[in-house]
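Notebook open, model loaded. I wanted a quick tour before going back to the bench, so here is what I looked up, in the order I got to it.

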Amino acid sequence: YGKIMSISDEMMWRYYELLTDVQVPELEKMKHESHPMQAKKDLARIIVKDFHSGEAAEKAGEDWAKQFQKGAVPEEIDISEIQIDTIRAADVIPDNPVPETGGPAILCIGAHSPRNQVAIRVDKLIRQAGLATSNTEATAKIKSKAVSINGTNLSEKDFIIICSQHEITLRVGRKIKKIRLLRANTSGSN
């Protein structure tokens with residue numbers, strides 16, 4: 001469903017011709033009378049229904065609308081388990097950040113418990129989650145403001161502190177993953 005929604009409007013009509021039973025006269029009428037977004041949703045629904053089922057097509061349409069039109073997290077997303085020690089930040093976190101003047105902001109994700117606070121490198125988190133092939137690519141995504149954690153948009157100057165949070169939702173562009181953070185001394189449990 002998502003792949004169909006990402007094709008161009010011009011290509012959509014070719015897909016209709018090649019992958020559906022819609023006749024050319026009806027396609028010509030649709031080109032003039034249908035809104036491109038609705039036509040593309042209809043195409044995606046037809047293709048998913050043909051390859052899977054009507055229920056799968058309906059669910060895919062709802063999930064796509066939630067994620068891309070309403071900005072919500074879909075019900076079913078991939079989960080990655082990442083050891084916190086592999087993404088720990090070596091930088092010293094400033095005591096008095098001043099975001100208004102362009103300095104770093106400290107974003108604390110989770111309950112405020114000094115005992116369990118860990119500063120992380122978001123570029124490493126993105127790479128380890130499989131949403132970038134390198135730390136450099138991940139940094140570029142952060143700089144382009146395409147990254148959020150639990151709905152909070154990030155900038156390259158932000159320090160992220162995870163505070164007693166076992167799972168976070170990481171969004172990089174249109175890709176979303178649930179990240180389960182693991183501590184080394186807990187043998188796989190948090």
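**Entry 1: K145.** I began with K145, and asked myself whether it is buried or exposed. K145 is exposed, because its relative accessible area is 59% and the cut-off for exposed is over 50%. This is a predicted model, so I keep that in mind throughout. I then found K145 in the loop between α7 (135–143) and β4 (147–149). Its backbone caught my eye: K145 has a positive phi of about 60 degrees, although it is not a glycine. Most residues other than glycine have a negative phi.

**Entry 2: K40.** Next I went to another lysine, K40, which sits in helix α4 (residues 36–51). I count K40 as buried, because its relative accessibility is 7% and buried means under 20%. What does K40 touch, leaving aside its neighbours within four places in sequence? I listed contacts with I4, M5, I7, S8, D9 and M12.

**Entry 3: E28.** I looked up E28 in helix α3 (residues 24–33). E28 is partly exposed, at 36% relative accessibility. I also checked E28 against W13: the two are 15 residues apart in sequence, and their C-alpha atoms are 9.2 Å apart in space.

**Entry 4: the sheet.** Then I traced the strands. Which order do the strands of the open sheet follow? I read it as β1-β8-β7-β4-β5, five strands with mixed pairing. The edge strands are β1 and β5 (152–153), each of which pairs on one side only. Strands of a sheet pair through backbone hydrogen bonds, either parallel or antiparallel.

At one edge, I found β1 running parallel to β8, with five bridges joining them. One residue I followed across was I79, whose bridge partner in β8 is K178. At the other edge, β4 and β5 pair in the antiparallel sense over two bridges, and I149 stands opposite T152 in β5.

**Entry 5: the faces of β1.** I stayed on β1 (residues 79–83) to see which side chains are covered. In a regular strand the side chains alternate between the two faces of the sheet. In β1 I put S80 and I82 on the covered face, and I79, E81 and Q83 on the uncovered one.

**Entry 6: the largest pocket.** I looked for pockets and noted a volume of about 510 Å³ for the largest. Its lining has 19 residues, and the closest to the centre are G2, Q67, F68, R174 and K175. Which elements each supply at least two residues of that lining? I got α1 (2–5), α5 (54–69) and β8 (175–182). Helix α5 gives the most, with five residues. Sorting the lining by class, I wrote down nine nonpolar, three polar and seven charged residues.

**Entry 7: whole-protein numbers.** Last, I took the totals. I have seven helices and eight strands in the protein. Of the 190 residues, 36% are buried. The accessible surface comes to about 11,400 Å², and 49% of that belongs to carbon and sulfur atoms. For contacts between residues at least 6 apart in sequence, I noted that 64% join residues at least 24 apart.

Terms used:
Residues are numbered from 1 along each chain as its sequence is written. This is a predicted model: local features need pLDDT of at least 70, side-chain atom pairs count only at pLDDT 80 or more; totals for chains, interfaces and linings use all residues. Side-chain values use heavy atoms; hydrogens and water are left out. On a 1 Å grid over the protein atoms alone, a cavity is a set of points where a 1.4 Å probe fits but cannot get out, and a pocket is an open set with protein on both sides within 12 Å along at least five of seven lines; lining residues have an atom within 4 Å of a point. Grid points are joined across faces, edges and corners, and a volume is the space filled by probe spheres set on the points. Helices (H or I, at least four residues) and strands (E, at least two) are DSSP runs, numbered from the N terminus. Ala, Val, Leu, Ile, Met, Phe, Trp, Tyr, Cys and Pro count as nonpolar, Asp, Glu, Lys and Arg as charged, and the others, Gly among them, as polar. Buried means under 20% relative accessible area, exposed over 50%, partly exposed in between (1.4 Å probe, protein chains only). Two strands pair if DSSP finds at least two bridges between them. Contact means heavy atoms within 4.5 Å. Accessible areas come from the Shrake-Rupley method with a 1.4 Å probe; for residues, only the protein chains shown count as cover.
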